[in-house]
Amino acid sequence: MSGQSITDRITAAQHSVTGSAVSKIVCKATTHEIMGPKKKHLDYLIHCTNEMNVNIPQLADSLFERTTSTSWVVVFKSLITTHHLMVYGNERFIQYLASRNTLFNLSNFLDKSGLQGYDMSTFIRRYSRYLNEKAVSYRQVAFDFTKVKRGVDGVMRTMNTEKLLKTIPIIQNQMDALLDFNVNANELTNGVINAAFMLLFKDSIRLFAAYNEGIINLLEKYFDMKKVQCKEGLDIYKKFLTRMTRISEFLKVAEQVGIDRGDIPDLSQAPSSLLDALEQHLASLEGKKVKDSTWCNGSQNSQFGSYYGF
């Protein structure tokens, strides 16, 4: 179906009658047309998030209401619009979403109207889970990992050990939810799912940057940590290595669908000897016999940044 449906026009007209300009634009951004939300509608809604006289809960509720549709197109575009506002809108929008007990309850969503509906419903369920997790992450740390200050004086590089060990698993959970979108290049078959993928791609780059800087900080602190902290830190690092593989696979899909190679980071891993050294250090703290490792010298810490530069 192309263009606005009769239902879209009636719904938009109803909002015009009631005078809700925001709800009307939400409706226009989430039509049955199989394409991503139009830029002019997204730009208007971004502008609304910056206007103090605009009711953010009402804006969010208008989007939530659209996700109750039985059409995969309308629901998917509602999620994309929400994601877009989380990324580009005023921070008070994501703050409001994070304050809610529940966001999207689409774990059982299924559009049975046709084969495409069945296929896209799978990605809607996964995408909604990621947006829920993105809001939960914000609630837990009170900032968006994809917007956090980076660099040697950035948030993740200057975080103390206790906070770091609590924060990195939150990033891991959000990254897992993103990677669970799990789409192949040949499944990016229409403008709707393509728009979602582009937002996920941009989030993945920024989220991994924060994740990466947290790991660099962790490694720099590791040999000065207490035994319990080392054990926790080693587990976090091992999980990071497994996610590196999944992130690389996700970025390959981005390359296959034509995203500029210059926009896709080259992920380089530290040698396996680093993992060995971390394990040896923990073993020594636990009183086990260990072999000598040059990595255990604190002067080696400066190499972590070069291995995990991003």
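## Overall picture

What percentage of the 310 residues of the protein count as buried? The figure is 52%, and it comes from a predicted model, as do the other values in this report.

The protein has 13 helices and zero strands, so a residue is easiest to place here by its helix or loop, given the definition of those elements. Read along the sequence, the pattern is α-α-α-α-α-α-α-α-α-α-α-α-α. Contacts often reach far along the chain: among those between residues at least 6 apart in sequence, 76% join residues at least 24 apart.

## Helix α10

Let us start with α10, which runs over residues 191–222. At 1.5 Å a residue, its 32 residues should span 46 Å, and the end C-alpha atoms lie 45 Å apart, in agreement with that expectation. Buried residues make up 24 of the 32, so α10 is largely enclosed by the rest of the structure.

The N-terminal end of α10 has a cap, N190. A side-chain oxygen of N190 sits 2.9 Å from the backbone nitrogen of V192.

## How α7 packs on α10

Two packed helices are described by the angle between their axes and the distance between the axes. For α7 (residues 115–141) and α10, the angle is about 35 degrees and the axes are 12 Å apart. Their crossing is left-handed.

Which residues meet where these helices touch? From α7 come M120, F123, Y127, Y130 and K134, and from α10 come I193, A196, L199, L200 and D203. By class, the residues of this contact divide into eight nonpolar, no polar and two charged.

## Helix α9 and its residue Q174

Helix α9 covers residues 161–179, with 19 residues in total. From first C-alpha to last, α9 reaches 27 Å, close to the 27 Å expected at 1.5 Å a residue. It is mostly covered, with 14 of its 19 residues buried. This helix also has an N-terminal cap: a side-chain oxygen of N160 lies 3.3 Å from the backbone nitrogen of E162.

Within α9 you will find Q174. Is Q174 buried or exposed? Its relative accessibility is 1%, so Q174 counts as buried. The side chain of Q174 makes a polar contact of 3.2 Å with that of Y130, and Y130 is one of the α7 residues that meet α10. Beyond its neighbours within four places in sequence, Q174 is in contact with Y130, E133, K134, S137, F145 and L207.

## Two loop residues with positive phi

Most residues other than glycine have a negative phi. A142 has a positive value, near 65 degrees, and lies in the loop between α7 and α8 (155–158). With a relative accessible area of 56%, A142 is exposed.

N182 is worth a look too. Its phi is also positive, near 50 degrees, and its place is in the loop between α9 and α10.

## L278 in helix α12

Our last stop is L278, found in helix α12 (residues 272–285). At 0% relative accessibility, L278 counts as buried.

How many residues apart in sequence are L278 and Y222? They are separated by 56 residues in sequence, while their C-alpha atoms are 7.9 Å apart in space. Y222 is also among the contacts of L278 outside its neighbours within four places in sequence; the full set is L219, Y222, F223, L234 and Y237.

Definitions and conventions. Residues numbered from 1 in each chain as written. Predicted model: local features only at pLDDT ≥ 70, side-chain atom pairs only at ≥ 80, totals over all residues. Heavy atoms only, no water. Axes fitted to C-alpha atoms, helices over the stretch in contact; angles between N-to-C directions. Helix = DSSP H or I, 4+ residues; strand = E, 2+ residues; numbered from the N terminus. Left-handed = near helix turned anticlockwise from the far one by under 90°. Contact = heavy atoms within 4.5 Å. Nonpolar A, V, L, I, M, F, W, Y, C, P; charged D, E, K, R; others polar. Expected span 1.5 Å × (residues − 1). Buried < 20%, exposed > 50% of the residue type's maximum accessible area, 1.4 Å probe, protein only. Polar contact = N/O pair within 3.5 Å; in protein donor to acceptor, adjacent residues only side chain to side chain.
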